[in-house]
Amino acid sequence: MKKEILKALREAGEGFVSGQSLCEKAGVTRQAVWKNIAQLKQMGYDIESVPNKGYMLTGFPDILYSEDIESRIKEGSICKRVESHDIIDSTNIRAKQLAEQGEPEGTLVIAERQSAGRGRRGRSWFSDAGTGVFMSLILRPDILPSEVSGITLIAAIATSKAIEEVCCARTQIKWPNDIVLNRKKICGILTEMSAEMNCINHVVVGIGINANNKSFDNDISDVATSIYIQTGKKADRAQLASVTIDKFGEYYREFNKVLSLKPFIDEYNSMLVSKDKEVKILYGMKEDAEESRTQTGIARGIDETGALIVDTKEGTKKIVSGEVSVRGLYGYV
Ligand code: BTN
């Protein structure tokens, strides 16, 4: 019911919503509305109440409450339920647990902080309280396991678009799915799947956005940044989360129809930070290790499978995500 009340208050903007209207929208009694308004105030929402006028939302806390995110999610969105946590080991781990217990597509797990946030290639993901958006969405696509990498690429486009809409910041994508702002990373995506032979049980798309971090530890500050550091403005994390998921759902629907990245190639390539630039391909994944074989070339963009096309001296190569790492010639991008 808090979801319906918050939705009605938010839709009214700087206007009042009458108690009667809230009763009708939430389908409950006056008393139930009073009780929930009082609870929302305790949760940190500023709600002005004026006799004969009703209620107006004048401020909200920077906390990722499930009711709040659900109230912002658009009608018809892929997201059907939000489970929020103050602290959790990893939203990906929780989403996978839920999926294994039969949770349907469209459940989003979100957390204020993660005690064991996970990145790609076994790395950890910095997840301090109040700094970021840490969330994982459960999907049950009817596609082949080999097509799942496409979901990660469209998640990168959707997140980048959401950051632009909510935070007015133009980001770029470092292939395959890091989002960068001024050549530093502000978002990472970890997609995990459970499949048997050619049949997918579930996919979990985990998105971590560095939203309001004021600084990063020395060991990652060369590579990592946040929206706040780059723009000087605090991001509305709940809005960022809900717009990202809504947008992702739109791209995902289209992807499921065509089962190809063809409709997204131009958009993705227009955001690609290394488009037509020289890149270093690291084979063997061991970026610092001596045994890594490297090759340089000019990145041209992705094809309909999501592979990165690179022109090298030895000819044009199609680089498949997961096999290699691609860097700029002199650093991370
Ligand atoms: C990367 O290495 O770039 C991927 C980072 C993904 C981090 C997100 S935060 C939400 C979700 N839960 C996790 O444990 N990881 C992902």
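**Local contacts, backbone geometry and charge pairing**

Apart from its neighbours within four places in sequence, alanine 299 is in contact with Ser274, Lys275, Asp276, Lys277, Val279, Leu308, Ile309 and Val310. The model analysed here is a predicted one. Alanine 299 belongs to strand 11, which covers residues 293–302. Its relative accessible area is 0%, so alanine 299 is classed as buried. One of its contacts, lysine 277, is separated from alanine 299 by 22 residues in sequence, whereas the C-alpha to C-alpha separation of alanine 299 and lysine 277 is 5.8 Å.

The arrangement of the N-terminal helices was examined next. Two packed helices are described by the angle between their axes and by the distance between those axes. For helix 1 (residues 2–11) and helix 2 (residues 19–26), the axes come within 9 Å and cross at roughly 130 degrees. Angles from 115 to 145 degrees fall outside the perpendicular and antiparallel ranges, and helix 1 and helix 2 are therefore oblique to each other. The crossing of helix 1 past helix 2 is right-handed. On the side of helix 1 the contact is made by Glu4, Ile5 and Ala8, and on the side of helix 2 by Leu22, Lys25 and Ala26.

Backbone geometry was then considered in the loops. Tryptophan 175 and proline 176 are joined by a cis peptide bond, with omega about 0 degrees. Proline 176 is placed in the loop that runs between strand 6 (172–174) and strand 7 (178–181). Positive phi values in residues other than glycine include those of methionine 197 and leucine 259. In methionine 197 phi is near 45 degrees; this residue is in the loop between strand 8 (184–196) and strand 9 (199–210). With a relative accessible area of 80%, methionine 197 is exposed. In leucine 259 phi is about 50 degrees, and the residue is found in the loop between helix 8 and helix 9 (265–271). Leucine 259 has a relative accessible area of 36% and is therefore partly exposed.

Charge pairing was assessed over the whole model. Side chains of opposite charge can pair when their charged atoms come close. The structure contains 23 salt bridges. Among them is the pair formed by glutamate 103 and arginine 81, whose closest N and O atoms are 3.0 Å apart. Glutamate 103 is in the loop between helix 5 (91–100) and strand 4 (107–114), and arginine 81 is in strand 3 (residues 81–88), so this salt bridge ties together parts that are 22 residues apart in sequence. Glutamate 103 counts as buried because its relative accessibility is 16%, while arginine 81, at a relative accessible area of 32%, is partly exposed.

Strand 3 also contributes to a salt bridge between glutamate 83 and arginine 94. The closest N and O atoms of glutamate 83 and arginine 94 are 2.7 Å apart. Glutamate 83 lies in strand 3 and arginine 94 in helix 5, so the parts tied together by the pair are eleven residues apart in sequence. Glutamate 83 and arginine 94 are both buried.

A further salt bridge connects glutamate 192 with arginine 118, with 3.0 Å between the closest N and O atoms. Because glutamate 192 is located in strand 8 and arginine 118 in the loop between strand 4 and strand 5 (132–139), this pair ties together parts that are 74 residues apart in sequence. Glutamate 192 is buried, its relative accessible area being 14%, and arginine 118 is partly exposed, with a relative accessible area of 33%. In addition, Arg10, Asp68, Arg72 and Asp236 are joined into one network by salt bridges that share partners.

Aspartate 246, in helix 8 (residues 237–258), is buried yet has no salt bridge. The nearest side chain of opposite charge is that of lysine 74, at 5.1 Å from aspartate 246; a salt bridge requires a separation within 4 Å. When residues up to four places away in sequence are not counted, aspartate 246 touches Arg72, Ile73, Lys74 and Ser77. Lysine 74 is thus among the residues in contact with aspartate 246, and Arg72, another of these contacts, is a member of the salt-bridge network with Arg10, Asp68 and Asp236.

Definitions and conventions:
Residues numbered from 1 in each chain as written. Predicted model: local features only at pLDDT ≥ 70, side-chain atom pairs only at ≥ 80, totals over all residues. Heavy atoms only, no water. Helix = DSSP H or I, 4+ residues; strand = E, 2+ residues; numbered from the N terminus. Buried < 20%, exposed > 50% of the residue type's maximum accessible area, 1.4 Å probe, protein only. Lys, Arg positive; Asp, Glu negative; His and termini not counted. Contact = heavy atoms within 4.5 Å. Axes fitted to C-alpha atoms, helices over the stretch in contact; angles between N-to-C directions. Parallel < 35°, antiparallel > 145°, perpendicular 65-115°, else oblique. Left-handed = near helix turned anticlockwise from the far one by under 90°.
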